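Here are some short exercises for a first look at a protein structure. Try each task before reading its solution.

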Amino acid sequence: MAFEDLLEDPVIQKYLHELVGPKGMPVAAAPPDGEVTDEELAEELDMELNDVRRALFILYENDLASYRRLRDEDSGWLTYLWTFEYDKIPENLEEEMHRLYEALEERREYERTHEFYLCEVCSIRFEFGEAMDFGFECPECGSPLESMENTHLVDAMDERIENLRDELNIDIEAEA
């Protein structure tokens, strides 16, 4: 998939934005063909050099950019030539989805196996043990803690987990 096609996908735009933030997005959204220096990118994008470098290193840490160093023989200065490797984005997104799936599975189990109490005034949630320690009174405002039903939350997690299973082609029997 070409850079241009990838960058038009809103999921990939969001992923890149989450990685590099708003200041780094011009760097991530305008990958040049071939090698480029950080100085060239900063000038071309009219950005601060430090913001460009920060974005490049974040992309590098996520295997979406690579560099090679050249040493100027006269001055001894190092020049970094950057190459964007966005063909790895789909693989990175799939890994992120697997991490999300595992985290949701763990959280769902936690929600299923614990009893919760809520201060309806402060909207603070407590586990049973914490609520008991506080005498079933909110430590912030003194209001009574009410038993909290979390089936809506667990149901929403079940639905999201099922969607992720379908998207990732996870076979539940193979998992067990």
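The exercises below use a predicted model.

**Exercise 1. The annotated domain**

Find which residues the UniProt annotation "domain: HTH TFE/IIEalpha-type" covers, and describe the chain there.

Step 1. The annotation comes from an unreviewed UniProt entry and covers residues 8–90.
Step 2. Over residues 8–90 the chain is 53% helix and 19% strand.
Step 3. The end C-alpha atoms of this stretch are 14 Å apart.

**Exercise 2. The span of helix 2**

Compare the span of helix 2 (residues 10–29) with that of a straight helix of 20 residues, and locate the kink.

Step 1. At 1.5 Å a residue, a straight helix of 20 residues would span 28 Å.
Step 2. Helix 2 spans only 12 Å between its end C-alpha atoms.
Step 3. Look at Gly21: a kink of about 115° lies there, shortly before the proline Pro22.
Step 4. Gly21 is also one of the buried residues of helix 2, which include Tyr15, Leu16 and Leu19.
Step 5. Now go to the start of helix 2. A side-chain oxygen of Asp9 reaches to within 2.8 Å of the backbone nitrogen of Val11.

**Exercise 3. The faces of helix 4**

Work out how the buried residues of helix 4 are arranged around its axis.

Step 1. Helix 4 covers residues 49–61 and reaches 18 Å from its first C-alpha to its last, close to the 18 Å expected.
Step 2. Its buried residues are Asp51, Val52, Ala55, Leu56 and Leu59.
Step 3. Down the helix axis, these buried residues fall within an arc of 135°, so they line one face of helix 4.
Step 4. Asn50 and Glu61 are exposed on the other side of helix 4.
Step 5. The buried residues pack against helix 2, helix 3, strand 2 and strand 3.
Step 6. After helix 4 comes Asp63, whose phi is positive, near 60°.

**Exercise 4. Two polar residues in helix 5**

Decide whether Glu111 is buried or exposed, do likewise for Asn92, and find a polar partner for Glu111 and for Asn92.

Step 1. Glu111 lies in helix 5 (residues 89–113). Asn92 is found in helix 5 too.
Step 2. Buried means under 20% relative accessible area. Glu111 has 1%, so Glu111 is buried. Asn92 has 9%, so Asn92 counts as buried.
Step 3. The side chain of Glu111 makes a polar contact with the side chain of Arg125, at 2.7 Å.
Step 4. A polar side-chain atom of Asn92 lies 2.8 Å from the backbone oxygen of Asn62.
Step 5. Beyond neighbours within four places in sequence, Asn92 is in contact with Tyr15, Asn62 and Leu64.

Key:
Residues are numbered from 1 along each chain as its sequence is written. This is a predicted model: local features need pLDDT of at least 70, side-chain atom pairs count only at pLDDT 80 or more; totals for chains, interfaces and linings use all residues. Side-chain values use heavy atoms; hydrogens and water are left out. UniProt positions are given in the numbering used here, feature names are shortened, and annotations may be inferred rather than shown by experiment. Helices (H or I, at least four residues) and strands (E, at least two) are DSSP runs, numbered from the N terminus. Buried means under 20% relative accessible area, exposed over 50%, partly exposed in between (1.4 Å probe, protein chains only). A polar contact is a pair of N or O atoms within 3.5 Å; within protein, one must be able to donate a hydrogen and the other to accept it, and residues adjacent in sequence count only if both atoms are side-chain atoms. The expected span of a helix is 1.5 Å times one less than its number of residues. The bend at a residue is the angle between axes fitted to the seven residues ending there and the seven starting there. Contact means heavy atoms within 4.5 Å. The arc is that of the directions from the helix axis to the C-beta atoms.
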